[in-house]
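Got the model open in your viewer? Keep the selection box handy and we'll go from stop to stop.

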Amino acid sequence: MAWRHVSCLSSLLFFATLLAAFVELCNAGKTSTFIRKKYPSTDLPFDADVFAEPPGHNAPQQVHITQGNHDGRAMIVSWVYPFKGGSKRVHYHNEKTGEKKHANAIVVKYKWYNYTSGYIHHCTIKNLEYDTKYYYTIGGGDTRRTFSFVTPPEPGPDVPYTFGLIGDLGQTVDSNRTLTHYEHNPYKGKAVLMIGDLSYADDHPYHNNERWDSWGRFVERSVAYQPWIWVAGNHEIDFAPELGENEPFVPYLHRYHVPFEDSGSTSPLWYSIKRASAYIIVLSSYSACAKYTPQYDWLQQELPKVNRTETPWLIVLVHSPWYNSYNYHYMEGESMRVVFEQWMVQYKVDLVLAGHVHAYERSGRISNIRYNITDGLSVPTSDNGAPVYITIGDGGNIEGLAFSMTTPQPEYSVYREASYGHGIFDIKNRTHAYFSWNRNEDQYSTEADSKWFHNRFWYAHVQESD
Ligand SMILES: [Fe+2]
């Protein structure tokens with residue numbers, strides 16, 4: 001009798017093991033159980049040192065730079081004076097030649113409900129040399145401030161270049177940790193792809209725009225020295241008819257200028273740039289994208305222009321992910337995916353990077369472009385010619401992490417983890433790039449996920465491993 005029990009137990013165990021192996025086979029993705037931070041952090045107080053105003057009356061603050069034209073030979077230098085009367089001039093010089101030049105800024109201001117902005121300056125400095133360090137000075141008298149940046153190398157197929165990847169940053173202690181970890185990352189990112197949701201000012205009563213100012217001072221320590229490439233997220237919309245604010249994107253568009261006209265775009269919310277060996281296309285999740293809309297028409301004309309012999313790495317940035325297996329913002333990116341995904345496959349996009357979901361997720365190379373209403377073929381399938389989709393909305397903002405995930409993990413999802421962190425995309429040459437995702441672990445940053453990318457134009461014949 002006892003032996004029969006043992007025998008039954010063994011059979012049960014055997015089948016349980018078999019079932020577990022089967023489930024494992026069907027679902028090769030990894031859901032990390034790492035949890036360091038269960039609850040959201042509040043925004044740091046206005047008197048936190050990371051928000052400190054520079055000394056001196058009307059000193060220029062919130063200094064930030066972004067690429068100023070399509071090929072990387074211009075830079076937009078922006079800053080804010082709290083009061084009227086500051087100098088509009090940027091003095092800059094080339095470290096190699098010592099040649100001194102200057103350029104003048106345009107000045108904009110805006111009102112939003114009960115807030116009036118400072119004097120926001122934007123100065124495009126042009127005709128820069130490639131791969132050169134420049135020093136630039138703004139302000140006047142005892143409030144002069146000097147910064148520096150390095151221009152990118154001339155676009156070319158085998159030019160190495162390293163991007164930092166940050167999304168949904170906000171201004172909490174976790175945001176500060178993410179930025180610090182990015183600054184100390186040994187790969188030394190040279191420019192940041194900022195995937196939208198900057199300050200989270202709109203999470204405060206009346207969208208307290210003072211939080212836009214404090215955020216500008218917080219990130220200055222990085223973005224005054226290397227360009228951040230901006231993408232508009234939902235926290236940039238600031239649409240509040242109940243407060244009489246009927247026009248979307250007003251604070252964002254006044255504060256963050258981008259070179260959209262250089263790529264034939266009619267809106268700063270979607271545009272493209274070339275930088276070293278990468279071609280970056282920025283899309284807007286919160287603008288119309290259906291056929292015949294300006295964004296659709298622009299992207300349709302834009303994609304055939306990309307010369308992969310010059311810029312092999314084609315990267316698309318969009319705030320709301322098209323593939324997302326968290327129970328947050330589920331399918332919010334679906335309308336855009338349905339319209340644009342077929343082009344991502346057709347034009348061999350290497351990487352589609354998103355934020356919005358406050359967690360990390362990486363897909364395999366998959367597509368879901370066969371659906372035509374009548375056949376019902378609406379399932380993501382493995383597709384060696386398709387992009388990898390990465391969500392990196394885990395900068396560390398006031399809203400906290402997205403812990404809840406759909407179960408079981410979909411087959412298309414290779415790795416997912418609800419932790420704060422940042423990414424690195426390190427281009428080696430025309431065929432290889434190393435991607436890593438670095439989670440925050442207290443004082444340290446740990447590389448928790450990584451992948452070698454094989455370029456889809458130059459190296460597509462090789463089946464990538466996940
Ligand atoms: Fe978002």
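Start by selecting Arg211, Trp212, Asp213, Ser214, Trp215, Gly216, Arg217, Phe218, Val219, Glu220, Ser222 and Val223: these are buried residues of H3. Buried here means under 20% relative accessible area, exposed means over 50%, and partly exposed is in between (1.4 Å probe, protein chains only). Helices (H or I, at least four residues) and strands (E, at least two) are DSSP runs, numbered from the N terminus. Before going further, know that this is a predicted model: local features need pLDDT of at least 70, side-chain atom pairs count only at pLDDT 80 or more, and totals for chains, interfaces and linings use all residues. Residues are numbered from 1 along each chain as its sequence is written, and side-chain values use heavy atoms, leaving out hydrogens and water.

Stay on H3, residues 210-223. The helix is mostly covered, with 12 of its 14 residues buried. Look along its axis and you'll find a kink of about 30° centred on Arg217; the bend at a residue is the angle between axes fitted to the seven residues ending there and the seven starting there. The end C-alpha atoms are 19 Å apart, in agreement with the 20 Å that 14 residues should span at 1.5 Å a residue (the expected span is 1.5 Å times one less than the number of residues).

Next, the metal. Which residues coordinate the iron ion? Select Asp197 (OD), Asn234 (OD1), His319 (NE2) and His356 (ND1), at 2.1 to 2.2 Å. Donors are N, O and S atoms within 2.8 Å of the metal (3.2 Å for Na, K and Ca); water is not among the atoms, so sites may look incomplete. Angles among the four donor atoms run from 91 to 168°, and the site is irregular. That label covers anything failing these tests: four donors are tetrahedral if all angles lie between 85 and 135 degrees; four are square planar and six octahedral if opposite donors are over 155 degrees apart and all others between 65 and 115.

In sequence, the donor residues are spaced D-x36-N-x84-H-x36-H. Asn234 sits in the loop between strand S14 (228-230) and helix H4 (250-255), and His319 in the loop between strand S17 (313-317) and helix H6 (334-346), so this pair ties together parts 85 residues apart in sequence. Colour by accessibility: Asn234 is partly exposed at 22%, while His319 is buried at 0%.

Now follow on to H6. There is a kink of about 50° here, centred on Phe340. Its buried residues, including Trp343 and Met344, pack against helix H5 (294-302), S17, strand S18 (351-354), strand S20 (366-367) and strand S22 (388-392). Just after H6, click Lys348 for a positive phi, near 55°.

Phe340 also leads to the largest nonpolar core, of 94 residues, where Trp228, Trp230, Phe340 and Phe425 have the most contacts inside it. A nonpolar core is a set of buried Ala, Val, Leu, Ile, Met, Phe, Trp, Tyr and Cys residues joined through side-chain atoms within 4.5 Å. Apart from that core lies another, of 20 residues, among them Tyr92, Tyr119, Tyr134 and Ile138.

Last stop: Tyr136, in strand S10 (residues 133-138). Tyr136 is buried, with a relative accessible area of 0%. Draw a distance to Phe147: 11 residues apart in sequence, yet 5.4 Å C-alpha to C-alpha. Among the residues that Tyr136 touches are Val63, Tyr92 and Phe149, contact meaning heavy atoms within 4.5 Å.

Terms used: Lists of a residue's contacts leave out its neighbours within four places in sequence.
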